Amino acid sequence: MREGTPHISRGSVFFFPYSPRLTEVWEAKSGTDHGLRKGKTTLKRDPKHEQALEALLHEDVADLGRRFAITDWQDPGYIAPEVMATICRQGLQPKGGFLDRASSALYQRLTGAVGGYLRRHPQWNHLVEGSSEFLAEMTSEIWTKLLTDKRGGTSLCEVRFWPWLEARALEYLRMQITLKNTQEVSLETLPPEEEDGEPARWENLIAADLGDGPEAVVARQRQHESVMKRLMELPPQERQAVYYRLEFQYDWPTVAKFIGCSIPTARSYYKSGYQKLIGEIE
Amino acid sequence: MTRDNGIIDGAHTVDIVAEFLAAHVEPTQEDWKRLIEAYPNKAGELADLAILHRDASPMQEEVERTPLEEAAFSQTVSGAVNLVHEMRAASLEVLRQKVEACQGPQVRPLAAAMGLAAHPQLVSSVLAGTVRAPHQLLVYLEKRFEVVAPVLREYFQRACLQATAPSFRAVNEKPSVYREPRSWREAVLSLRLPDEETQRLLSMDEPSE
């Protein structure tokens, strides 16, 4: 269960404040499909958030500063980031200082959340490199998206803030990695085709002979991070070919379909990418 | 953005992933696989995001912040708050244009749409901010102008304060300038309509069932 959204739980009917029909479809299909819903729908804010927003608009501005700063979702004074996102997107200013306090507080929470996310995932350290510039740029970019996403309508950040933020953070990282590793793949340099036999598995990439002790666990974790880092540094087609084969065990026609190439070319991408990953381990 | 057979047509990849993460707090690789199969034309982007998300713990509120995060915040918070105010000014301008487009002779179609075809002057007064909008009208105007009720109320309040004092000669009552908007009830009662019509109009201030 994510912090800040105590009323959400896996499989809960109240999981997603969509229309009742869609909630029924969701319930019926939970756990059996990809979780996508059928039929037309529009995003609607949680009624509890709407009530909280109305109450906030009549509160004393002096006390709001204290409340906006509360980050413990279990505190009765906690204001959900969805509510603050609505305030910032709609530019609500019932009294002087209200919008400034709300914007500053939400921005601070966003910066902390993004920083914490990067901190807890060292596989992205090579991007961040301990730089406040990277974090500042990333947070600014996401903040702009928060304000401009679906202008005139309701953004998902006003309905489910944390998944929205996480998706934006992942997309930003993806773009940065793409920019950093842009390189063309020449098919002439690829090794010969015809990769037969069962596809390799992720486990094969990590050494099995490290033993079982705590040091082995750390060593495996570092190897795993190294493989993930190297995977993201591969050219997109090689990366996708390796991922589809190793992770999803797709057959060659499916791999070729998703990459948008012929089967022999997909095999070549896979072989090249796999050999580069193996080289990272050795 | 419409959904058809479970597929979000024309949606950006980020939106798809955001909704996916909302539905799956800790998605498995099988979950990601199904998502990619549902959007084959976005397979490459989704695969990349799945790789980045692999072994990631969910995004969450951070109670403590590092000096790095405080530095990043200090560098950019002014710009962030300024941007909010810029967006607000732009939004209010858009709202002003939408409201003005419904005033004057154009108020009649709007009044008819709100069930007030016989009382366009009431709608004009609401749009000018001199009469408080009843609940049901506010709900209608929210959808019509695509803004939330607090923004509308704030806009009408501002319009009332900025309105110029009309020059008129009252016939049945003393001329007066309203410093605050009149209540809907007061405005309706001042029309001295038949009881049935008065009750119908007054009921517009109650939430609809």
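Biologist: In chain A, what share of contacts between residues at least 6 apart in sequence join residues at least 24 apart?

Modeller: In this predicted model, that share is 66% for chain A. For chain B, the corresponding figure is 54%.

Biologist: How do you know which kinds of element chain A has?

Modeller: The assignment gives chain A 13 helices and zero strands. From the N terminus on, every element in its order is therefore α, a strand being a run of E of at least two residues.

Biologist: And what elements does chain B have, and in which order?

Modeller: Chain B has ten helices and two strands. The order from the N terminus begins β-β and continues with α elements.

Biologist: How much of each chain is buried, and how much area does each expose?

Modeller: Of the 282 residues of chain A, 54% count as buried; in chain B, buried residues make up 46% of 209. Chain A exposes about 12600 Å² and chain B about 11100 Å². Carbon and sulfur atoms supply 50% of the exposed area in chain A, and 50% in chain B.

Biologist: Why is A:Glu166 called buried?

Modeller: The relative accessible area of A:Glu166 is 0%. The cut-off for buried is under 20%, so A:Glu166 meets it. This residue is in helix H8 of chain A.

Biologist: What makes the pair A:Glu166 and B:Met59 a polar contact?

Modeller: A polar atom of the A:Glu166 side chain lies 3.3 Å from the backbone nitrogen of B:Met59. The limit is 3.5 Å, so the distance falls within it.

Biologist: What makes A:Arg119 and B:Glu69 a salt bridge?

Modeller: Their side chains meet at 3.0 Å, N to O. The rule asks for a side-chain nitrogen of Lys or Arg within 4 Å of a carboxyl oxygen of Asp or Glu, so the pair qualifies. Across the interface of chain A and chain B, the rule finds ten salt bridges. It also finds 24 residue pairs in polar contact there.

Biologist: Which elements of chain A supply the side that touches chain B?

Modeller: Those giving two or more residues are H4 (81-90), H5 (98-119), H7 (132-148), H8 (161-180), H10 (214-233) and H11 (236-246). H5(A) gives the most, with 15 residues.

Biologist: How many residues are in contact across the interface, and what area is buried there?

Modeller: On the chain A side, 89 residues are in contact with 74 residues of chain B. The area buried between the two chains is about 7700 Å², and carbon and sulfur atoms give 61% of that area.

Biologist: Why is H11(A) described as largely enclosed by the rest of the structure?

Modeller: Nine of the eleven residues of H11(A) are buried, so the description follows from that count. Among them are A:Glu238, A:Arg239, A:Tyr243, A:Tyr244 and A:Arg245.

Biologist: Which residues touch the most other members of the largest nonpolar core?

Modeller: That core has 133 residues, and those touching the most other members are A:Phe68, A:Ile87, A:Trp143, A:Leu165, A:Tyr244, B:Leu127 and B:Trp184. A:Tyr244 is also one of the buried residues in H11(A).

Biologist: What is A:Phe68 in contact with, leaving aside neighbours within four places in sequence?

Modeller: The contacts of A:Phe68 include A:Leu56, A:Ile79, A:Met84, A:Ile87 and A:Phe98. A:Arg101 and A:Arg109 are in contact with A:Phe68 too.

Notes. Residues are numbered from 1 along each chain as its sequence is written. Chains are lettered from A and ligands numbered from 1 in the order in which they are written. This is a predicted model: local features need pLDDT of at least 70, side-chain atom pairs count only at pLDDT 80 or more; totals for chains, interfaces and linings use all residues. Side-chain values use heavy atoms; hydrogens and water are left out. A nonpolar core is a set of buried Ala, Val, Leu, Ile, Met, Phe, Trp, Tyr and Cys residues joined through side-chain atoms within 4.5 Å. Buried means under 20% relative accessible area, exposed over 50%, partly exposed in between (1.4 Å probe, protein chains only). Contact means heavy atoms within 4.5 Å. Helices (H or I, at least four residues) and strands (E, at least two) are DSSP runs, numbered from the N terminus. Accessible areas come from the Shrake-Rupley method with a 1.4 Å probe; for residues, only the protein chains shown count as cover. Buried area is the accessible area (1.4 Å probe) that two parts lose on being put together, summed over both. A polar contact is a pair of N or O atoms within 3.5 Å; within protein, one must be able to donate a hydrogen and the other to accept it, and residues adjacent in sequence count only if both atoms are side-chain atoms.
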